[in-house]
Amino acid sequence: MGYEAVIGLEVHVQLSTKSKVFCSCSTEFGAPPNTHVCPVCLGMPGSLPVLNKKAVEYAVKAALALNCRVNLKSVFARKNYFYPDLPKGYQISQYDMPLAEDGYIEIETEKGSKRIRIKRVHMEEDAGKNIHGEGDDPFSYVDLNRAGVPLIEIVSEPDISSPEEARLYLQKLRTIMRYIGVSNADMEKGELRCDANVSIRPKGSDKLGTKTELKNMNSFRHVQRALEYEIERQISVVEEGGQVEQETRLWNPHLGITETMRKKEEEHDYRYFPEPDLVPLVLTEQFVENMRSELPELPDEKKKRFMDQYGLSAYDSEVLCSSRELADYYEKAVSAYNNPKAIANWVMVELLGRLNKESKDVTQSPIKPEQVAKLVELIDKGTISGKIGKQVFDIMYKEGGDPEAIVKEKGLVQITDAGEIEKFVDEVIAECPEEVQKYLKGKTKVIGYLVGQVMKKTKGKANPQLVNKLLREKLEGMKG
Amino acid sequence: MAISREEVLYIAKLARLEFDREKVEEFTHQLGKILEYINKLSELDISDVEPTYHVLDMVSVMREDVVGQSLPQEEALSNAPDSKDGFFRVPKIIGGE
Ligand SMILES: [Zn+2]
């Protein structure tokens, strides 16, 4: 029997405000431990939280960019549990009256576009950081600099049906957060964190299986791998006649497995109640509309425009719009020379290929967009062949320089003079009597080899179509 | 009784509180009384009443995103029973949150 996975993700995104969400301590990363703390974020008696306006603006922008309905009234609530990184004994979050609900984003899968619904977006504060003593050290060490940094939690509906879709969803979230400038959303830095709820069911069934919650996945790749493992695990449990237990499991990246962290009966009972230290957050329509008007062209809007304006595929548009900088780079190139499809290819295959290999992004590209445009123009005009184009691109990438100058300097201009090419064709015919005989006996496919020989002699500079034509004429003439 | 002994023990556990047998009996009785009294409210029809999330007649009190003064590390740690190298030091935490 075939199974399908049902996955929902809970994502926390750190908002890039200067100060914390309920006090004026700095959110700057990397300070010495416990130097960005005050009575409020240390949870000292008598201190009172005051909401950061910028955090609200960022959260509303994020909610709008995720196509959510912003609730004009939302309420903060206390989520009660004990843990050393939580100085108050509760986390200020939102519960029954979240900031926003009912949104969606679109991801581009191999099977086409898919919409993943978003259940809610709410505001909350981050906890501190625990460092566990190594080896025999019987202590843990707590740094509360991060306690009180603003977060939004984005909860998806269980619309995700594969580990790959989960990765695409997260990458799309990151893209959106970066576009609108509310978070850098870097998973490795913990600015975007993800927990997953996953269950399996027989294909086509509409019943939900027992789900497990997965934690501790701190990169896109780990999310995908952890889900792949967990789905396989659940399937084998069921196939062996067992039952999946409701529990929280931790991804162990070293072993590549998920392990039980706590069973259902050990689950927390958070006893939420309205935060008496904060008055409700009431927003005006005007405020929400102001936030909407400050949003830039969003990734999906840009993607649709790229498809319409440049005639690109959904996939190509999705890739080129995966960051604002990359989309800008592409559009700069296209405005310098109008061949959108060819430029898309060079940017995606040659440029991104090289950049990705070096873990760089487009802002670190040694090649300027205008230079990519020029290269494509040189190929289109027949000054150089596509093959030589790759060579030129490589030189541009490694040594820098304008394509025209490189072509001139290295003598890479395409040979289009029939007389000149004929010389090489004659040479090759003289040097390859066996292949020529094969051709004359009807094995005309051998011409490919002969064309290759001519190209080799001209170091790839001959116009291949012309070489083909001349060779064919000569060989046919020899048949007589 | 409006609350069972098991529920009292459960709440005590969540609050990290420990009581002897007698105290548990006493609290079960007292909490039950309180809950019974509060339950009087459910006799009222409040279907048209908006829930009171806050007793103050204020909303949306906010501050600008400006960094202010934090405490010196020494002072931040001064109330802690134990600290080391600028960190609060606590017994080793096992098994996540
Ligand atoms: Zn503070």
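Is Arg354(A) buried or exposed? Arg354(A) counts as buried, because its relative accessibility is 18%; buried means under 20% relative accessible area, exposed means over 50%, and partly exposed lies in between (1.4 Å probe, protein chains only).

The structure on display is a predicted model, in which local features need pLDDT of at least 70, side-chain atom pairs count only at pLDDT 80 or more, and totals for chains, interfaces and linings use all residues. Residues are numbered from 1 along each chain as its sequence is written, chains are lettered from A and ligands numbered from 1 in the order in which they are written, and side-chain values use heavy atoms, with hydrogens and water left out.

**First stop: Arg354(A) and its partner**

Select Arg354(A) together with Asp394(A). Their side chains meet in a salt bridge, 2.7 Å from N to O; a salt bridge here is a side-chain nitrogen of Lys or Arg within 4 Å of a carboxyl oxygen of Asp or Glu. The pair links distant parts of the chain, 40 residues apart: Arg354(A) belongs to helix H8 (residues 340-357) of chain A and Asp394(A) to helix H10 (residues 386-399) of chain A. Helices (H or I, at least four residues) and strands (E, at least two) are DSSP runs, numbered from the N terminus. Asp394(A) is partly exposed, with a relative accessible area of 23%.

**Second stop: further salt bridges**

Next, select Glu318(A) and Lys172(A). A salt bridge joins their side chains, at 3.4 Å from N to O. This pair also links distant parts of the chain: Glu318(A) sits in helix H6 (residues 314-320) of chain A, Lys172(A) in helix H2 (residues 163-179) of chain A, and their positions lie 146 residues apart. Glu318(A) counts as buried at 17% relative accessibility, and Lys172(A) is buried with a relative accessible area of 5%.

Then select Glu275(A) and Arg78(A), which form a salt bridge whose closest N and O atoms are 2.9 Å apart. The two residues are 197 residues apart and link distant parts of the chain, with Glu275(A) in the loop between strand S16 (273-274) and strand S17 (281-282) of chain A, and Arg78(A) in strand S5 (residues 76-80) of chain A. Both Glu275(A) and Arg78(A) are buried.

How many salt bridges are there over all chains? The count comes to 47.

**Third stop: a charged patch on chain A**

Select Glu228(A), Glu232(A), Glu239(A) and Glu240(A), which gather on the surface as a patch of negative charge. Patches are made of residues with over 30% relative accessible area and no salt bridge; like charges are joined within 9 Å, and nonpolar side chains (Val, Leu, Ile, Met, Phe, Trp, Tyr) within 5 Å. Glu232(A) lies in helix H3 (residues 220-239) of chain A and counts as exposed, because its relative accessibility is 53%.

Remain on helix H3 of chain A and select Val223(A), which is placed there. Val223(A) is buried, with a relative accessible area of 0%. Add Ser47(A) to the selection: Val223(A) and Ser47(A) are 176 residues apart in sequence and 39 Å apart in space, C-alpha to C-alpha.

**Fourth stop: a nonpolar patch on chain B**

Move to chain B and select Leu31(B), Ile34(B), Tyr37(B), Ile38(B), Leu41(B), Leu44(B), Ile46(B) and Val49(B). These residues form a nonpolar patch on the surface, with about 830 Å² of accessible area together. Val49(B) is found in the loop between helix H2 (21-39) and strand S1 (62-63) of chain B, and it is exposed, with a relative accessible area of 54%.

Ser60(B) lies in the loop between H2 and S1 of chain B. Ser60(B) has a positive phi of about 50 degrees although it is not a glycine.

**Fifth stop: loops and cysteines of chain A**

Return to chain A and select Asn67(A), whose phi is near 60 degrees, a positive value in a residue other than glycine. Asn67(A) lies in the loop between helix H1 (53-65) and strand S3 (69-70) of chain A, and at 33% relative accessibility it counts as partly exposed.

Finally, select Cys25(A) and Cys321(A). Cys25(A) is buried, with a relative accessible area of 0%, and Cys321(A) is buried, with a relative accessible area of 2%. A search of the whole structure finds zero disulfides over all chains, a disulfide being a pair of cysteine sulfur atoms within 2.5 Å.

Terms used: Areas by Shrake-Rupley, 256 points an atom, 1.4 Å probe, with all protein chains shown as cover. Lys, Arg positive; Asp, Glu negative; His and termini not counted. Charge placed at Lys NZ, Arg CZ, Asp CG, Glu CD.
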